[in-house]
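Please examine the structure shown below before reading the explanation that accompanies it.

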Amino acid sequence: MTAYPARCPARNLNGRMCCNRAGQGTDHPGLGHCLWHKGSQHHVREAWAMAQELAREHNITPHDALLGLVRTAASRAAWTDNVVANAMAEHVESGGDPLKPPQELMPWLKQSREERRLAALTAKQAVDAGVMVALERRLDMEGELVATALSAALDSLDLQPEQRMAALGAAQQHLLGADGEASAA
């Protein structure tokens with residue numbers, strides 16, 4: 001597993017990375033933003049406390065725990081919205097007014113709004129805690145690792161420059177095709 005940076009993920013006014021340790025001056029040392037970059041705000045402390053508890057329970061990193069919480073909250077919101085959409089489709093098919101949901105659907109609409117609010121709040125906590133910056137860095141490092149491995153494999157084959165370019169082009173097309181398939185799914 002790739003190690004997360006031990007520095008605060010925030011940037012200073014000059015655009016450079018903060019030089020403080022991750023979580024410096026907070027109750028979540030080693031994780032997220034330092035005291036000077038919102039690391040001690042209540043919702044950030046709460047997010048890291050929850051993430052550390054989940055990380056211990058599931059033997060994962062706190063960053064992965066926070067991302068899991070965001071995914072769970074978004075999934076709950078999507079499921080509730082699906083229930084509402086199906087009920088509304090049945091209502092309209094049976095001759096109901098599409099602008100006036102049936103009374104029995106009102107609790108589901110309220111639940112849908114609440115699930116979306118919780119999903120947005122969870123995502124905001126994760127962003128404020130620095131998870132997205134850490135994820136971006138991790139993906140960058142993994143991409144560099146794949147590129148280095150591909151380059152080493154091509155070097156070991158002792159290909160002609162034209163063959164090497166063709167192999168790199170094929171790899172690029174495959175990756176772009178895989179990206180297109182993932183976004184279409």
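The following paragraphs proceed from the interior of the model to two loops and then to the surface. The model is predicted, and the values discussed here are computed from it.

The interior is a suitable place to begin. The largest nonpolar core consists of eleven residues, namely Leu31, Ala47, Trp48, Ala51, Ala55, Ala65, Leu66, Leu67, Ala126, Val131 and Leu135. Two or more of these residues are supplied by each of helix H1 (42-58), helix H2 (62-93) and H4. The greatest contribution to this core, four residues, is that of H1. One member of the core, Ala47, may be followed further: when its neighbours within four places in sequence are left aside, Ala47 is in contact with Leu66 and Gln125.

Helix H4 deserves separate attention. It comprises residues 131-156, which makes 26 residues, and at 1.5 Å a residue it should span 38 Å. The C-alpha atoms at its two ends lie 37 Å apart, which agrees with that expectation. The buried residues of H4 are Val131, Ala134, Leu135, Arg138 and Leu154. Two residues in this list, Val131 and Leu135, also appear in the largest nonpolar core. A general feature of helices is helpful when reading such a list: an α-helix has 3.6 residues a turn, so residues three or four places apart point the same way.

The loops come next. Most residues other than glycine have a negative phi. Against this background, Asn59 has a positive phi, near 55°, although it is not a glycine. Asn59 is placed in the loop between H1 and H2. Is this residue buried or exposed? Asn59 counts as exposed because its relative accessibility is 72%, and the cut-off for that class is over 50%.

A second case is found after H4, which is followed by Asp158. The phi of Asp158 is likewise positive and near 55°, in a residue other than glycine. Asp158 belongs to the loop between H4 and H5. With a relative accessibility of 68%, Asp158 therefore counts as exposed.

The surface completes the account. Leu150, Met165 and Leu168 form a nonpolar patch there, and together they have about 260 Å² of accessible area. Of these residues, Leu168 lies in helix H5, which covers residues 161-184. Leu168 has a relative accessible area of 31%, and it is therefore described as partly exposed. That value fits the patch, because residues are admitted to a patch with over 30% relative accessible area.

How values were computed:
Residues are numbered from 1 along each chain as its sequence is written. This is a predicted model: local features need pLDDT of at least 70, side-chain atom pairs count only at pLDDT 80 or more; totals for chains, interfaces and linings use all residues. Side-chain values use heavy atoms; hydrogens and water are left out. Patches are made of residues with over 30% relative accessible area and no salt bridge: like charges are joined within 9 Å, nonpolar side chains (Val, Leu, Ile, Met, Phe, Trp, Tyr) within 5 Å. Accessible areas come from the Shrake-Rupley method with a 1.4 Å probe; for residues, only the protein chains shown count as cover. A salt bridge is a side-chain nitrogen of Lys or Arg within 4 Å of a carboxyl oxygen of Asp or Glu. Buried means under 20% relative accessible area, exposed over 50%, partly exposed in between (1.4 Å probe, protein chains only). The expected span of a helix is 1.5 Å times one less than its number of residues. A nonpolar core is a set of buried Ala, Val, Leu, Ile, Met, Phe, Trp, Tyr and Cys residues joined through side-chain atoms within 4.5 Å. Contact means heavy atoms within 4.5 Å.
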